[in-house]
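Reader: I am new to this structure and would like a close look at a single part. Please take me through the nonpolar interior and the aromatic rings in it.

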Amino acid sequence: TFQLLEAVARESKLTMEDALEIAEMITRRVWTRLMAHLLAEKAGELCARRGLKLEAVYLGDPGAGRDYVVVFVVRGVEGMSRQERVELFKEVFAGVPRPIEHAVYTPEEWEGGERRKFKKTERVAARGGEEDTQPQP
């Protein structure tokens with residue numbers, strides 16, 4: 001892998017430091033994408049226990065090379081503060097070896113403008129963990 005990285009750096013005229021930084025960013029993003037699928041299943045179970053309805057899970061790309069944000073779109077969290085929502089979903093992340101930024105929105109908030117905070121979004125799962133790999137605008 002290191003030899004491949006050296007070759008890429010040489011061919012693209014990047015410094016090795018820049019190539020390593022790009023490789024690290026790609027690795028973090030791929031890891032977050034894989035984790036999002038597992039987290040969607042756990043979030044669906046949490047919502048079912050709490051009487052909430054998980055509508056969808058998205059990966060949001062905030063741009064500027066930042067890590068993806070896992071977005072839970074949930075019916076039943078209306079009236080809760082952003083902090084209360086994040087706290088509610090903390091158990092979904094139990095055992096995850098590194099932090100993943102996440103947000104919890106109602107369907108109305110998500111469709112009403114919160115989605116536009118992201119450069120790009122991709123739907124990972126719908127209806128409590130069912131796969132939906134269609135990219136969303």
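Author: What follows describes the nonpolar cores, then the aromatic pairs, and last a patch on the surface. The model is predicted.

The largest nonpolar core has 25 residues. Leu39, Val57, Val70, Phe72, Val74, Phe89 and Val92 are those with the most contacts inside this core. Two or more residues each come from helix 2 (16-50), strand 1 (53-61), strand 2 (69-75) and strand 4 (120-126). Helix 2 gives the largest share, seven residues.

Val70 shows how such a residue is surrounded. Leaving aside neighbours within four places in sequence, Val70 is in contact with Thr32, Ala36, Leu39, Val57, Tyr58, Leu59, Ile100, Glu101, His102 and Ala103. Another core, of nine residues, lies apart from the largest one and includes Ala56, Ala103, Tyr105 and Phe118.

Now the rings. The whole structure holds five aromatic pairs. In one of them, Phe72 and Phe93 have ring centres 6.2 Å apart and planes at 80°, so this pair is edge-to-face. Phe72 is in strand 2, while Phe93 is in the loop between helix 3 (82-88) and strand 3 (102-105), 21 residues apart, so the pair links distant parts of the chain. Phe72 and Phe93 are buried.

Tyr105 and Trp110 make a stacked pair, with 5.8 Å from centre to centre and 25° between the planes. Tyr105 and Trp110 are both buried, and they belong to one aromatic cluster with Tyr58 and Phe118.

On the surface, Leu14, Ile22, Ile26, Val30 and Leu34 make a nonpolar patch of about 420 Å². Ile22 lies in helix 2 and is partly exposed, with a relative accessible area of 38%.

Definitions and conventions. Residues are numbered from 1 along each chain as its sequence is written. This is a predicted model: local features need pLDDT of at least 70, side-chain atom pairs count only at pLDDT 80 or more; totals for chains, interfaces and linings use all residues. Side-chain values use heavy atoms; hydrogens and water are left out. A nonpolar core is a set of buried Ala, Val, Leu, Ile, Met, Phe, Trp, Tyr and Cys residues joined through side-chain atoms within 4.5 Å. Buried means under 20% relative accessible area, exposed over 50%, partly exposed in between (1.4 Å probe, protein chains only). Helices (H or I, at least four residues) and strands (E, at least two) are DSSP runs, numbered from the N terminus. Contact means heavy atoms within 4.5 Å. Patches are made of residues with over 30% relative accessible area and no salt bridge: like charges are joined within 9 Å, nonpolar side chains (Val, Leu, Ile, Met, Phe, Trp, Tyr) within 5 Å. Accessible areas come from the Shrake-Rupley method with a 1.4 Å probe; for residues, only the protein chains shown count as cover. A salt bridge is a side-chain nitrogen of Lys or Arg within 4 Å of a carboxyl oxygen of Asp or Glu. Rings of Phe, Tyr and Trp (its six-membered ring) pair if their centres lie within 6.5 Å; planes under 30 degrees apart count as stacked, over 60 as edge-to-face and the rest as tilted.
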